[in-house]
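Please read the model below from its sheet outwards, strand by strand, and then turn to a few individual side chains. Confidence is taken up at the end.

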Amino acid sequence: MHPSDLAHRCGFEILADAAPDADLSTAYFSDLLSDALAHCPKGALFGTIQSHLNALAVALHRGAPALLICHNRAVPDDLLRAAGEHHLALLRTPLDQYRAALAVAPFLPPLPHSSRGVPVISAPSQGPFSAQTERAAKAPGFTIPPTSPVSLSSLNSAAPPKP
């Protein structure tokens, strides 16, 4: 799906458009640029609150055709200019990262599975829950539940979406 098609379907603002042959194959959301640099798949929409040139550099390095800025963060002129020069779609939404991910989920497939048949997930590498998360991801039969269609009006409300 072309980034502008996704933007229209999700109600995202298009600040800079992608090359005509740009194609989104999945999405990846992270505010840690080092995490995105290591894990964002080629062809992914990269969603973040980081609104600066380093986020664009990560998207370009990983082959992400679109950068989505969440929380309606201000976009500096240098980021706008660089996105246009590199034909990288620069999108913006008032949604937080969670609700933006829910908005794109019906239109883009989830991340690919690893060679072990376990979904590729981004887990915290430190902190009190990192060991539990790692064990859960390696457990036989571990799966991420399928997403259900969500209306944009439910995403914009303060209450969590209904199942």
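Two strands are taken as paired if DSSP finds at least two bridges between them, and the strands themselves are DSSP runs of E of at least two residues, numbered from the N terminus. With that in hand, the bridge that joins Leu67 to its partner Leu90 in β5 can be placed in a wider pattern. The model is a predicted one, and in it five strands form an open sheet in the order β1-β5-β4-β3-β2, with mixed pairing. Because β1 (13-16) and β2 (26-29) stand at the edges and have a single partner strand each, one side of each is left without a neighbour in the sheet. On average, and with direction ignored, neighbouring strands of this sheet are turned by 25° against each other.

The sheet can be followed from the edge at β2. This strand runs parallel to β3 (residues 44-48), and four bridges join the two; among the positions involved, Ala27 has Leu45 as its bridge partner in β3. Leu45 also has a bridge partner in β4, namely Ala66, and the pairing of β3 with β4 is again in the parallel sense, over four bridges. The path between these two strands goes by way of a helix, since β3, α3 and β4 make a right-handed β-α-β unit. Helix α3 (residues 53-62) packs on the sheet, where it touches β3 and β4 (66-69), and its direction makes about 160° with that of β3.

One step further, four bridges join β4 to β5, and these strands too run parallel. A right-handed β-α-β unit is found here as well, made by β4, helix α4 (residues 77-85) and β5. Within β4 the side chains are divided between two directions, with Ala66 and Leu68 pointing one way and Leu67 and Ile69 the other, and all of them are buried.

Which residues does Arg92 touch, leaving aside those up to four places away in sequence? Arg92 belongs to strand β5 (residues 89-92), and its contacts are with Phe12, Glu13, Leu15, Leu68, Ile69, Asn72, Arg73, Ala74 and Val75. One of these, Leu15, is 77 residues away from Arg92 in sequence, yet the two are 7.2 Å apart in space, C-alpha to C-alpha. Since its relative accessibility is 17%, and the cut-off for buried is under 20%, Arg92 counts as buried. A polar atom of the Arg92 side chain lies 3.2 Å from the backbone oxygen of Arg73.

Two further residues repay attention. Thr26, in strand β2, is buried because its relative accessible area is 4%, and its side chain reaches the backbone oxygen of Pro109 at 2.8 Å. His2 lies in the segment before α1 (3-10) and, at 14% relative accessibility, counts as buried; beyond four places in sequence, His2 touches Asp17, Ala18, Ala19, Pro20, Ala22 and Asp23.

Finally, confidence. The protein chain averages a pLDDT of 80, and 67% of the residues score at least 70. Over residues 114-133 pLDDT stays under 50, and for this stretch the model has 21 contacts beyond four places in sequence. Residues 141-152 also stay under 50 in pLDDT, and for them the model has 15 such contacts.

Terms used:
Residues are numbered from 1 along each chain as its sequence is written. Side-chain values use heavy atoms; hydrogens and water are left out. Axes are lines fitted to C-alpha atoms, for helices over the stretch in contact, and angles run from 0 to 180 degrees between N-to-C directions. Contact means heavy atoms within 4.5 Å. Buried means under 20% relative accessible area, exposed over 50%, partly exposed in between (1.4 Å probe, protein chains only). A polar contact is a pair of N or O atoms within 3.5 Å; within protein, one must be able to donate a hydrogen and the other to accept it, and residues adjacent in sequence count only if both atoms are side-chain atoms. pLDDT is the predictor's confidence in each residue, from 0 to 100.
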